[in-house]
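The following account leads the reader through the architecture of one protein model, from the packing of its helices to the spaces enclosed within the fold. It is best read with the structure open alongside the text.

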Amino acid sequence: MKIVRVWPCGLPQELQAGFAEITAHEGFVCAENGIRITAHRALQFSARCQDRCLTVGYQNIVQFFRALSYLKENGSAPFSVGRQPVFSENGVMLDCSRNAVLAPHSVCLLLRKMALMGLNTAMLYTEDTYEIPGQPYFGYLRGAYTAQELRALDAYAACLGIELIPCIQTLAHLERALHWPQNDPALRDTEDILMVGEEKAYALIEQMIRAVSGAFRTKRIHIGMDEAWSLGLGNYRFKNGFVPSARLMKEHLAQVCAITQKYGLQPMMWSDMYLRAASPTGEYYHVPDRLPQEVLNAADPGVALVYWDYYHQDPAVYRRLLGVHAQFACPTIFAGGLWTWAGPAPAMDKMRSSSLPALQECQARGVRSVFATAWGDNGGEANLLTALYGMQFYAEYAYTGCTDEPVLAARFNACTGEIADAFLQLSAFNNPPGVLPKTEDPVNAAKFLLYEDPLLPLFTADTAGMDFVRHYRDLETLYASFSSQDSAFEALYRFYEQLARLLALKSAWRSQAPLAQKASAAAAGLALLAQQCARQCSDCKLAWELAWEKTNKPFGFEIIDLRLSGLKGRFETAARQMQRLAAGEIERIETLACPKLRYLTNQEGRFSGCYSWGECISACRI
């Protein structure tokens, strides 16, 4: 990490605690011969360095820390920046509910990097991963944050000028919270949706809101309420008959808002359930240009609607859907995607191609609040440190309007101390030669190739004629070349090195194993290759475990452990089968030899992704 010597000159009190944290952790050293720093409140952001003196005008606290990052980039060389960011609120939502719960020290690390980027809002997405007094099963064995941890993180964010906003669920996405048999069955409509109209459900929601409102200083709260696919269609329907979802949403929102008002909170929520109610197909983005008045009336004017869209690459789509959202009487907030949920490796190329047109249209239509989501669907496989590159993308668009790769690389290194290419190249794990997407959803080859069963290869027909060995060997060499002085990033690079090695070995196996013949030297060699793959599964798992430990609480890794241990066990079985084939004990390995059908590809050979571990490993029910 580059070291910059600085000397603060009468910094305002509101900057001093954050400045102490930045200098303690981010490569700044206080020395009398360092660059002199003065700062003052101003109507807009400016930073000017001349004659080894940095003068900062900041509209909000976080802008002061962004100004410091320019010293990392330029040293004591003269520079002047002064573009007011195009968004008043810009930040990230970090998923802490899909098994991987960020350790508090990792949240602090991310907050420091955010501060240097100039991002001023952060959300911790917690479905059940925060403690509620009197609810011992809420977050049980899931790494739930204590109130003390949340208060400490809130204070840490505040000293850096970042608003930490609780992001919870008050309707759906509560399957982990509701699945315990000790819960009152009256709480549940379906397996993941609360019972609308049930007093016990609102008592629980009040406990949720009381718990987080006591831990955060902000008066804003994200109440979720998205993707309630089967709202009113479970126990509610047996009890009350069929009621349209828009009417249920209006009733439920009124009850939840009454609770937020009681605690003096200003709620926001995802917008998709309203748009789905207006859609002829029930799809979020397939809506008429003019929404029905009934749907518009169902929304509360005091609740900001968060339009999430991680997929589209056509600016016209964002333009139209932002126009649709503008029909509501409430403010619109935009949420883009950092594509950390594709599997072990995020889809950085998709992040870029979907985020740029979205941010451009938000700017054009006067949307002032945006944030990027770092989801961890299906097990939190991608370490959320990988979200940093996308966070830099959002920051640079807001402050400079330039997201060209060389500019991002320089800014990323200044704000994180890491090499941008180590993050940008993660897309290559998902994009081996010939694997092209058939829709706007990216292909996630790193996941389906990793988990594909060595004896029941589901993707054989899809990848016929493709050879991925050299591709992943090159990635292994590339990631072996990356290193960091920070142990968390070092562990991250070593994991990707080991993952690339495993994918290279597995690619060699999957191309050769179906061709093995009875009593052949090739079969004997493949038995050895299977054993090598099994050992590499262990090495990869150990590297993954270390990266997890450096970043997350320990809870949730058991799922990764089981997945990689299961893969290792299947390679051990594959080795035994190949040994039997080589010895002439069996005529063939039937699961390898039987005809294979296309799974992920269409007639043109273009791929969809496979985002579920269970769907990657077997045609049988998991």
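In this predicted model, a suitable place to begin is the pair formed by helix α18, residues 487-512, and helix α19, residues 521-551, which pack at an angle of about 160° with their axes 8 Å apart. Angles over 145 degrees count as roughly antiparallel, and α18 is therefore roughly antiparallel to α19. The handedness of this crossing is left-handed. As to the chemistry of the contact between α18 and α19, its residues comprise 19 nonpolar, five polar and five charged ones.

The loop between α18 and α19 contains Ala 519. This residue has a phi near 55°, a positive value in a residue other than glycine. Most residues other than glycine have a negative phi. A second case is Asn 99, which is not a glycine and yet has a positive phi of about 85°. Asn 99 belongs to the loop that runs between β7 (89-95) and α3 (104-117).

Helix α18 also has a partner in helix α17, residues 469-480: the axes of α17 and α18 come within 8 Å and cross at roughly 160°. That angle makes α17 roughly antiparallel to α18. The crossing in which α17 passes α18 is left-handed.

Another helix pair is formed by α11, residues 315-325, and α12, residues 348-364, whose axes come within 9 Å and cross at roughly 45°. An angle of this kind is neither under 35 degrees nor over 145, nor does it fall from 65 to 115, and α11 and α12 are therefore oblique to each other. Their crossing is right-handed.

These pairs may now be set within the protein as a whole, which contains 22 helices and 14 strands. Its radius of gyration is 26 Å, close to the 25 Å that the globule rule gives for 622 residues, so the protein is as compact as a globular protein of that length. Taken along the principal axes, the box filled by the C-alpha atoms is roughly 80 × 70 × 50 Å.

What open space does the fold offer in its largest pocket? The volume of the largest pocket is about 1000 Å³. Its lining consists of 31 residues, and those closest to the centre of the pocket are Arg 98, His 173, Glu 227, Asp 377 and Asn 378. Sorted by class, the lining of the largest pocket includes 13 nonpolar, six polar and twelve charged residues.

Enclosed spaces are the next topic. How many cavities of 30 Å³ or more does a search of the whole structure find? The search finds four. The largest cavity holds about 140 Å³ of space. It is lined by 18 residues, and Gly 380, Ala 382, Asn 383, Leu 384 and Asn 552 lie nearest its centre. The helix pair described at the outset returns here, for α18 and α19 are the elements that give two or more residues to the lining of the largest cavity. Eleven nonpolar, four polar and three charged residues make up the lining of the largest cavity.

The second largest cavity contains about 60 Å³ of space. Its lining is formed by Glu 89, Thr 121, Met 123, Ile 165, Arg 220, Met 268, Ile 333, Ser 369, Val 370 and Phe 371. Which elements give two or more residues to this lining? They are the strands β8 (121-125) and β14 (369-374). Of the elements, β14 gives the most to the lining of the second largest cavity, with three residues. In terms of class, six nonpolar, two polar and two charged residues line the second largest cavity.

Terms used
Residues numbered from 1 in each chain as written. Predicted model: local features only at pLDDT ≥ 70, side-chain atom pairs only at ≥ 80, totals over all residues. Heavy atoms only, no water. Axes fitted to C-alpha atoms, helices over the stretch in contact; angles between N-to-C directions. Helix = DSSP H or I, 4+ residues; strand = E, 2+ residues; numbered from the N terminus. Left-handed = near helix turned anticlockwise from the far one by under 90°. Nonpolar A, V, L, I, M, F, W, Y, C, P; charged D, E, K, R; others polar. 1 Å grid on protein atoms, 1.4 Å probe; cavity = no way out; pocket = protein on both sides within 12 Å on 5 of 7 lines; lining within 4 Å. Points joined across faces, edges and corners; volume = space filled by probe spheres on them. Rg over C-alpha atoms; globule rule 2.2 N^0.38 Å.
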